[in-house]
Amino acid sequence: MSRGRGIGAQYNSARGGSATDRVSTHMRRRMYARFIAAGVADDDHILDVGVTSDREQLASNYLEAWHPRKDRITACGIDDAAFLEDAYPGMRFVRGDGKDLPFPDASFDWVHSSAVLEHVGSAGEQARFVSELYRVCRKGIFITTPNRWFPVEFHTVLPVVHWLPKPWFRALLRTLGHDALSREDNLNLLGRRELAQACAQAGLPAWRIGSVSLLGWPSNLLLVARRAQAPPQAADPHGDGARVR
């Protein structure tokens, strides 16, 4: 097992510094920019849910790495990522499950979570995760997840096979030796429709689903859900097909 690989880290098979990792870093830069553009103020208190113990990928825990106000970040995850407090002085790490966060209602201005929703289990558990993030925010939540309908499955780097019915896809993953990823508890990919259904089941009053694209194809879905008292979002210049409920 490589240095720093824990529960969450096992989901990423790309080697640190590989071409796949460099592409992922580029996409995460764009997603981070979209998070800030959603209306995050410099002094907003941010909760980042789902930080990883991985220290090999170029953009692991990118929010902690790139946000200038480390003192405004609380990181939370099931991995032991306490090393982040030493790597980024001023931030705080709390070990916890995103489906049962150890914080009171409205504890943070913004709640951020990148590439975690697809790993929390069934559709019902995904809705519970979204609901829990929304519970502890004051202004809004920002969630990213890979688009199931992008031609390459990011965790295995397999093409197209994730478009099969989910039971078939999981059976194929088992055949190919991806036992952990073959279980719904560990990988349950979402498209726009499934993400919207998770929002509706979570009881969110309104949300917006956008995307970032790779080679012209939406590769990652971006969910923004704001509290009613939050200031309205300006028109999104990167809209690529966002929908509003």
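Here are some questions and answers about this predicted model.

Q: How many helices and strands does the protein chain have?
A: Start with the size of the chain, which has 245 residues, 51% of them buried. Its accessible surface comes to about 11,100 Å², with 55% of that belonging to carbon and sulfur atoms. As for secondary structure, the count is 6 helices and 10 strands.

Q: Of the contacts in the protein chain with a separation of 6 or more, what share comes from residues 24 or more positions apart?
A: Glu 132 gives you a feel for such pairs: Leu 101 is 31 residues away in sequence, yet the two C-alphas are 6.9 Å apart in space. Across the chain, the share for residues 24 or more positions apart is 68%.

Q: Which residues touch the most other members of the largest nonpolar core?
A: As a rule, nonpolar side chains in soluble globular proteins tend to be buried together. Here the largest such core has 30 residues, and the ones touching the most other members are Leu 47, Val 111, Ile 141, Leu 204 and Leu 223.

Q: Which elements give two or more residues to the largest core?
A: This is the core of 30 residues, with Leu 47 and Val 111 among its best-connected members. Another core, of 26 residues, lies apart from it and includes Ala 38, Ile 73, Ala 75 and Phe 150. Giving two or more residues to the largest core are strand 1 (46–49), strand 4 (108–114), helix 4 (123–135), strand 5 (137–146), helix 6 and strand 9.

Q: Is Glu 132 buried or exposed?
A: Glu 132 sits in helix 4. Leaving out neighbours within four places in sequence, Glu 132 is in contact with Gly 98, Lys 99, Asp 100 and Leu 101. The cut-off for buried is under 20% relative accessible area. Glu 132 comes in at 11%, so this residue counts as buried.

Q: What relative accessible area does Cys 199 have?
A: Helix 6 covers residues 192–202, and its buried residues are Glu 194, Leu 195, Ala 196, Ala 198, Cys 199 and Ala 202. Cys 76 is another buried cysteine, at 0%; Cys 76 is also among the residues touched by Leu 47. For disulfides, a search of the whole structure turns up 0. The relative accessible area of Cys 199 is 0%.

Q: Where is Leu 215 found?
A: Most residues other than glycine have a negative phi. Leu 215 goes the other way, with a positive phi near 55°. This leucine is also exposed, with a relative accessible area of 84%. Its place is the loop between strand 8 (208–214) and strand 9 (217–226).

Q: What is the phi of Val 157?
A: Val 157 lies in the loop between strand 6 (152–153) and strand 7 (158–159). With a relative accessible area of 40%, Val 157 is partly exposed. Gly 203, just after helix 6, has a positive phi near 85°. Val 157 isn't a glycine, but its phi is positive too, at about 60°.

Q: Which residues form a nonpolar patch on the surface with Trp 163?
A: Trp 163 is in the loop between strand 7 and helix 5 (166–175). Patch members need over 30% relative accessible area. Trp 163 has 31%, so this tryptophan is partly exposed. The patch has about 370 Å² of accessible area altogether, and the partners of Trp 163 in it are Trp 149, Val 160 and Trp 217.

Technical notes. Residues numbered from 1 in each chain as written. Predicted model: local features only at pLDDT ≥ 70, side-chain atom pairs only at ≥ 80, totals over all residues. Heavy atoms only, no water. Buried < 20%, exposed > 50% of the residue type's maximum accessible area, 1.4 Å probe, protein only. Helix = DSSP H or I, 4+ residues; strand = E, 2+ residues; numbered from the N terminus. Core = buried A, V, L, I, M, F, W, Y, C linked by side-chain atoms within 4.5 Å. Contact = heavy atoms within 4.5 Å. Areas by Shrake-Rupley, 256 points an atom, 1.4 Å probe, with all protein chains shown as cover. Patch = residues over 30% accessible without salt bridge, like charges linked within 9 Å, V, L, I, M, F, W, Y side chains within 5 Å. Salt bridge = Lys/Arg side-chain N within 4 Å of Asp/Glu carboxyl O. Disulfide = S-S within 2.5 Å.
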